[in-house]
Amino acid sequence: MDFEKVKAIVSDIKSKQPNIDRVLFVGCGASMADLYPGYYFISHESTKLLSAIYTANEFNYDTPKGVGENTIVITASLGGTTPESVAATKKARELGTHVVTLSMAEDSPIIKETKYKVVHGFHENYAAKTEKMTYCLALAVEIVQEFEGYEFYDEALDAFKGMPDLIENAVKSVGPMAKEFGEKYRNEKTIYVLSSGASLGVAYSTASFLFMEMQWIAAPTVHTGEYFHGPFELTEKDAPYLLFMNDGKTRHLDARALTFLQRFDAQITNIDAKDYGLNEVASENVIDYFNPMIHTGVMRVFAEELAKARKHPLTKRRYMWKLTY
Ligand SMILES: O=P(O)(O)OC[C@H]1O[C@](O)(CO)[C@@H](O)[C@@H]1O
């Protein structure tokens, strides 16, 4: 990741508008989910900036009041062509906001509509698959630092530096566990996906895209804090769950759900950030925000093994790319 680019963008925005009062995150599908850690960071670390996350067409059709010259809008689209996200980027620009767009595709329609572009990797390796969310988090960190100061800025920079190697090392070790997951879950019709904190977006992304879109397996997303407020009634022996356990402040919530699941002998796969040494690269002051990257990198291997075991490639679709909708 090119942090200098992030700094240059935020500094340019500040030179044009020192009174930014809100930061909005807009995208569709997995790209919206990748914006979640940035949104989560600002909503927890800023004392001044309002922050919200929208699926693109909600931004387009029910544009929040107050969006204008004091707003930064961060949009994202991996391929750069999703019509709702392209329209949102255009709308954000026309409303006079400072639009930053993350995409893998340099000359895509979304990049043509934006003011500030960030072109990221994806295919190179597993760490690259987390580049979009990492850039988004980096933008959020830099925005808070520039506009009000962030006490743990240097610790966050250290964590950014350590993440790519941590992810690449983690994925090298997970093969057998991922294979076991594929074999155990291959015939499941439903998989419940749980997490909390900054990784709630990873749970949503795994459930909605890796499982529902790419494997046609029903997959409710459950916040571990919310699990006890309804969803736990479905817990029973061998019911299939996948937990993304965080290292950080919300670990207590995840551990409480895990204990209950174990009590009733549910079938649980726990992708625990602690097992991959996240705390070796991220200090306790910033660790919460880096869970999504390690969870995403590791989950990709699990999804690939599930796809293999089910003989259902991750690229298979019934409607997407085939129908007009
Ligand atoms: O990130 P992009 O290119 O805008 O693509 C969004 C599309 O990709 C997915 O996130 C994953 O296939 C879909 O959910 C969504 O429709």
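This passage describes a predicted model, beginning with an annotated domain and its elements and then turning to a second sheet, a helix that crosses it and the segment after α12. Residues are numbered from 1 along each chain as its sequence is written. In this predicted model, local features need pLDDT of at least 70 and side-chain atom pairs count only at pLDDT 80 or more, whereas totals for chains, interfaces and linings use all residues; side-chain values use heavy atoms, with hydrogens and water left out.

An unreviewed UniProt entry places the feature "domain: SIS" at residues 9-149, its positions being given in the numbering used here, with feature names shortened and annotations that may be inferred rather than shown by experiment. The end C-alpha atoms of this span lie 17 Å apart, and the span is 46% helix and 20% strand. Helices (H or I, at least four residues) and strands (E, at least two) are DSSP runs, numbered from the N terminus.

Strand β1 (22-27) has six of its six residues buried, so that β1 is largely enclosed by the rest of the structure; buried here means under 20% relative accessible area, exposed means over 50%, and partly exposed lies in between (1.4 Å probe, protein chains only). In a regular strand the side chains alternate between the two faces of the sheet. In β1, R22, L24 and V26 point one way while V23, F25 and G27 point the other way, and all are buried. Strand β1 pairs in the parallel sense with strand β2 (residues 50-55) over six bridges, two strands being taken to pair if DSSP finds at least two bridges between them. Within this pairing, G27 stands opposite T55 in β2.

Helix α4 (residues 83-94) has 12 residues and reaches 16 Å from its first C-alpha to its last, close to the 16 Å expected at 1.5 Å a residue, where the expected span is 1.5 Å times one less than the number of residues. The buried residues of α4 are S85, V86, A88, T89 and A92. These residues cover an arc of only 160° around the axis, which puts them on the same side of α4; the arc is that of the directions from the helix axis to the C-beta atoms. They pack against β1, α3 (56-61), β3 (71-76), β4 (98-103) and α5 (109-113), contact meaning heavy atoms within 4.5 Å. On the other side of α4, P83 and E94 are exposed. A87, also found in helix α4, counts as partly exposed because its relative accessibility is 34%. A87 and S43 are 44 residues apart in sequence and 25 Å apart in space, C-alpha to C-alpha. Just after α4, G96 takes a positive phi of about 85°.

Four strands form an open sheet in the order β7-β6-β8-β9, with parallel pairing. Strands β7 (221-223) and β9 (267-272) stand at its edges, each with a single partner strand, so one side of each is left without a neighbour in the sheet. Neighbouring strands of this sheet are turned by 20° against each other on average, direction ignored; axes are lines fitted to C-alpha atoms, for helices over the stretch in contact, and angles run from 0 to 180 degrees between N-to-C directions.

Strand β6 (residues 192-195) pairs with strand β8 (residues 240-245) in the parallel sense over three bridges, with Y192 opposite Y241 and L194 having L243 as its bridge partner. Three bridges also join β6 to β7, these strands running parallel, and V193 stands opposite T221 in β7. Both faces of β6 are covered, with Y192 and L194 on one side and V193 and S195 on the other all buried.

Helix α10 (residues 251-263) lies across β6, β7, β8 and β9, running at about 155° to β8. This helix has 13 residues and reaches 18 Å from its first C-alpha to its last, close to the 18 Å expected at 1.5 Å a residue. In α10, R251, D254, A257, L258, F260 and L261 are buried, and what covers these buried residues includes β6, β8 and β9. Just after α10, D265 takes a positive phi of about 55°.

Most residues other than glycine have a negative phi. In the segment after α12 (291-310), K311 has a positive phi near 50° and, at 70% relative accessibility, counts as exposed. W321, also found in the segment after α12, has a positive phi of about 70° although it is not a glycine, and it counts as exposed at 63% relative accessibility.
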